[in-house]
Amino acid sequence: MRLTREEVRHIARLARLKLSADEENLYAGQLSAILEYAQRLAEVDTSGIAPTASVLPLTAPLRKDEAHQPLKTQELLSNAAQTEADQFRVPPVLNNLTGEDRNGKQE
Amino acid sequence: MTALHDLSLLEAAGALQQGEVCARDLTEACLERIDTQDHAVHAFLEVTADLALSQAEASDRRRAGRTPADPPLPLLDGIPIAVKDVLAVKDIPATCGSRILEGFRPPYHATSVRRLLESGTVLLGKTNTDEFAMGSSTENSAYGVTHNPWDLSRVPGGSSGGSAAAAASGMSFAALGTDTGGSIRQPAAFCGVTGLKTTYGRVSRYGLIAYGSSLDTVGAIGRSAADLTAIFTTMAGHDPLDSTCLPDSVPDIDLASTASLEGLRIGVPEEYFIDGMQPDVEKAVRAAVDQMTAMGASAVPISLPHTDLALPVYYLIAPAEASANLARYDGIRFGPRKESEDLMEQYLETRGALFGSEVKRRIMLGTYALSAGYYDAYYGQAQKVRTLIKADFDAAFEEVDVIACPVAPTTAFEIGAHSDDPLDMYLQDVFTLPANLAGVPGISFPVGFDRQGLPIGMQLNAPFLGEEQLLQAAHAYQLATDWHKEKPLL
């Protein structure tokens, strides 16, 4: 089990992490060693064994549908890097489809 | 006379009730201790001195305003404690030891914190942690390492290293911690204090910033089992804000009648005494079991045959859960961000620049274990082996009441000793991971010192909801021994 730098780059992209070339090399080695260690699980016979996702029986408890005071909008926005009109401000999500002037929308 | 900061939590509570001290005295003593010692230890990321003093004065007013007809104040009223910086305290910065949460001020309290504050507890501040609780040494904090009060060149353990160091050095009467793979028990052992890991679901996780959601538990670190009892019973119990919080009622725990261990069956698992563990650790743990048998308990050799698989299982399941939980750090709703005109680029830059290396390693490991083509072989297989590990505990608890074992293979190691090799660091968790995978509670308490004068801890595990048994057994041991009363010379 040896991860290539290409594979590390792919995983990092899936995880939304930009890595330097040094980090790609470092993680290729370290993640390979950890996965190699984890290989011992493959030798365990688990036929007929159910997986444990939680040690508790997973249920969806219900509560009474009662109105209560939620957190205030301003409290929830207070930690955001950018806000506008009581909303979180982000770069265009569909910017390649809009045809609008991206710089203009950023201002 | 004992300095105020050296009192046990229960002694401090007794002194408050007798009117011998006021909450402001206790709080000032802790703040003074932080002021003189924390430059060397670095247990705290944030000291909330003004808040603590105002809470202490409010407690003193409550006490002064009581009439004999009023119900007694809660035992914790006026007691200063600290909180690990992964638990939300409204309006107080919560960093999780990460740059990605720099400046974040939670808009609400964690349920565990809220219940303590409602009982009159005084908040001294937030304690250092490995970034997002990922680590065994507190070296992974973005805000600097915490030093072990017994030897400043050594780690305090982790990830609740700040909480353990604060309790051990007299800066706080106790401190909240969290335990996902040993993060309360191991630092408690390394710092010579007592740490309680609760049953999964026993204490609400609402307001605990998530790492591994099927493993995360909230507990506490203090100077004795007796000191932890009131904190546990105050925090635990059903919370409608956490759907995994257990509905079971929490007992009033009576420690008065527990001087004897008559009838207690202690399982000693052969798999926990491995080649390569420090001989002083094995010796002290076996001596502690002997002490408990001399007090009426019986020691029963048992086997937990899948113990050696807990490490690979944990290091697939916890990172998989972390990779999902930490997807929320995108620079949009909280935390700083690296501005870009392109949303994808902004995610990549923000997360790449502001997460530390251990967090990135675990996010990638988890992403890989969950990815198409590898899910069954890694994550799926790990979940099945987790079932076998849990079954080991279920079978053992048919025969015994508690399981006694070491907390870690060694005493506190030197800062930097394992930081170049992640797998080497993960091996430090080998004795604490199984309890998290099985969901059972555990307590770690001091049972001696190695030849270098570093504290050694022993762990007891109990069946689901067995905190009372753990606290009683550890308390009985602490009535008969003085290891927990030893203090580091700072």
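I began with Glu467(B), which is buried (under 20% relative accessible area, against over 50% for exposed and in between for partly exposed; 1.4 Å probe, protein chains only), at a relative accessible area of 0%. I note that this is a predicted model, in which local features need pLDDT of at least 70 and side-chain atom pairs count only at pLDDT 80 or more, while totals for chains, interfaces and linings use all residues. Side-chain values use heavy atoms, without hydrogens and water.

I then looked up the partner of Glu467(B): a salt bridge (a side-chain nitrogen of Lys or Arg within 4 Å of a carboxyl oxygen of Asp or Glu) joins Glu467(B) to Arg202(B), with 3.3 Å between the closest N and O atoms. Glu467(B) lies in helix α15 (helices being DSSP runs of H or I, at least four residues, and strands runs of E, at least two, numbered from the N terminus), whereas Arg202(B) is in the loop between β5 and β6, 265 residues apart. Arg202(B) is also buried, at 4% relative accessibility.

Next I examined Arg62(B) and Asp77(B), whose side chains form a salt bridge at 2.9 Å, N to O. Arg62(B) belongs to helix α3 and Asp77(B) to the loop between α3 and β2, 15 residues apart. I recorded Arg62(B) as partly exposed at 36% and Asp77(B) as buried at 2%.

My third pair was Arg361(B) and Glu358(B), with 2.6 Å between the closest N and O atoms of their salt bridge. About one helical turn separates the two, because they are three residues apart in helix α11. Arg361(B) is buried at 7% relative accessibility, and Glu358(B) is buried at 7%.

Finally, I retrieved the total over all chains, 28 salt bridges.

Terms used. Residues numbered from 1 in each chain as written. Chains lettered and ligands numbered in written order.
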